[in-house]
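Thanks for coming. I will take this one structure from the overall numbers down to single residues, and leave questions for the end.

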Amino acid sequence: MTQKEIAEALGLSKTTVSRALSGKGRIGEETRNKILKYMKDYRAKEEGSFPTRLLGVALPADSNINTNHFFAECLYGVCEAAAYMNYNVLVMKVTEGDISEVINVVEGKKIDAVILTRTMENDRAMQYLEKAGFPIGLAGQCANEDVITVDIDNKGATEELLTMMIAKGFRRFALILEEINYVVNRSRYDGFMNALMKSGISEKKQYIYAGKVYDNVLEMVMSDILSNKTECIVCGDDELCVRIMSWLQGEGYRIPRDIAIVSLYNGSALNLMRPSVTAIDTSARSVGAELGKQVCHFLQGERYQKKTLLDYEILIRRSTDK
């Protein structure tokens, strides 16, 4: 198909089409996307295949969707947005070393875009999709300006929460993040360190653990935390917070009289815990819904937002009473 034919089909000038395809010259993003989508659909028609109207959602295989509610809620949000936009959803499993499901559906032309619900530093799935030039949505943040991202300001939220705990009089903290190579946990770590630095508190007196807290490791970690005279434990997520609270209470420790505890994610797992837990409250379903909506707008050649940061709220509860 010639540029003239594209211009006539879309009611645009040949110059506008030329600028869109060459990437040179001034042209509105909405118009560029409209032209590129038209070309994509035309090539698909010529090859005997059409847009599938199917979004691929990649969930981490090492996360139990029944207990880690962030991924379940994020998936629900994507499904809600996709259904509203007349798209369907295909769920895939990925691990740090195995992205074969993503490769299979992309190379088999079974989906129109991939939504990653978590990314790691040097993430293989992200690298593969970027190299393939495939549309990507990400629940998180990354440096690639072409990736559609929706996230919470985890760095800012963690810094704000810790600053509030410091204002309450806490000075010795334990930060537990199960995987520091996850981008979200790196952001939380940076926020934690920023709060200490701005408050003039030495990081050397804090206990930081970044690694899987298996059952046979939990007691060792807790022994180190308590021997460090920790006043407040900062847990990376609600599932980890529940395990640590259960261990402490099982050993006879009183929360918050003996030690305080907070969670950097207010998942539903915390609803049953007593005392109630101070936490950062965010909506994973809203993240998924916004991500699904923006990716669908992009695929349809409509106006979309590349980078979105959603609000959070810090809930101060009894687990940090002084």
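Among contacts between residues at least 6 apart in sequence, 68% join residues at least 24 apart. Keep in mind that this is a predicted model. The protein has 322 residues, and 47% of them count as buried. Along the principal axes, the C-alpha atoms fill a box of roughly 75 × 35 × 30 Å. The secondary structure comes to 11 helices and 12 strands.

Now the sheets. One is an open sheet of six strands with parallel pairing, in the order S2-S1-S3-S4-S5-S11. Strand S2, residues 88-94, and strand S11, residues 307-310, each have a single partner strand, so one side of each is left without a neighbour in the sheet. From one strand to the next, the twist averages 20 degrees. Inside this sheet, S1, residues 54-60, runs parallel to S3, residues 113-116, and four bridges join them. One residue to pick out here is Gly56, whose bridge partner in S3 is Val114.

Helix H11, residues 284-299, lies across S1, S3, S4, S5 and S11. Its direction is about 165 degrees to S5.

There is another open sheet of six strands, this one with mixed pairing, in the order S7-S6-S8-S9-S10-S12. Its edge strands are S7 and S12, the latter at 313-315, and each pairs on one side only. Neighbouring strands here are turned by 15 degrees against each other on average, with direction ignored. S8 and S9 pair in the parallel sense over four bridges. Across that pairing, Cys232 stands opposite Ala260, and Val234 stands opposite Val262.

Which way do the residues of strand S9 point? Ala260 and Val262 point one way, Ile261 and Ser263 point the other way, and all are buried. In a regular strand the side chains alternate between the two faces of the sheet.

Two helices to note on this sheet. Helix H7, residues 154-167, lies across S6, S8, S9, S10 and S12, at about 155 degrees to S10. H9 lies across S6, S7 and S8, at about 160 degrees to S7.

On to the cores. The largest nonpolar core has 26 residues, and those touching the most other members are Ile176, Met222, Ile225, Ile233, Ile244, Leu248 and Ile261. At least two residues of this core come from each of S6 (173-177), S7 (207-210), H9 (215-227), S8 (232-235) and H10 (238-250). H10 gives the largest share, seven residues. Take Ile225 as a case: beyond its neighbours within four places in sequence, Ile225 is in contact with Ala174, Ile176, Tyr207, Thr230, Ile233 and Ile259. There is also a second, separate core of 22 residues, which includes Val57, Val78, Leu291 and Tyr304.

Next, the cysteines. How many disulfides does a search of the whole structure find? Zero. Cys74 is buried, with a relative accessible area of 0%, and its nearest cysteine sulfur, in Cys79, is 9.8 Å away. Cys235 is also buried at 0% relative accessible area. Why is Cys235 not bonded to Cys241? The two sulfurs are 4.2 Å apart, which is too far for a bond, because a disulfide here needs the sulfur atoms within 2.5 Å.

Last, two loop residues on either side of H11. Thr282 is in the loop between S10, residues 278-281, and H11. Is Thr282 buried or exposed? Its relative accessible area is 17%, and the cut-off for buried is under 20%, so Thr282 counts as buried. Leaving aside neighbours within four places in sequence, Thr282 is in contact with Ile152, Tyr265 and Tyr312.

Glu302 is in the loop between H11 and S11. Glu302 is partly exposed, at a relative accessible area of 31%. With neighbours within four places in sequence set aside, Glu302 is in contact with Met85 and His297. The side chains of Glu302 and His297 make a polar contact at 2.7 Å. Glu302 and Lys37 are 265 residues apart in sequence, yet their C-alpha atoms are 9.5 Å apart in space.

That is the tour; questions now, please.

Methods:
Residues are numbered from 1 along each chain as its sequence is written. This is a predicted model: local features need pLDDT of at least 70, side-chain atom pairs count only at pLDDT 80 or more; totals for chains, interfaces and linings use all residues. Side-chain values use heavy atoms; hydrogens and water are left out. Two strands pair if DSSP finds at least two bridges between them. Axes are lines fitted to C-alpha atoms, for helices over the stretch in contact, and angles run from 0 to 180 degrees between N-to-C directions. Contact means heavy atoms within 4.5 Å. Buried means under 20% relative accessible area, exposed over 50%, partly exposed in between (1.4 Å probe, protein chains only). A polar contact is a pair of N or O atoms within 3.5 Å; within protein, one must be able to donate a hydrogen and the other to accept it, and residues adjacent in sequence count only if both atoms are side-chain atoms. A nonpolar core is a set of buried Ala, Val, Leu, Ile, Met, Phe, Trp, Tyr and Cys residues joined through side-chain atoms within 4.5 Å.
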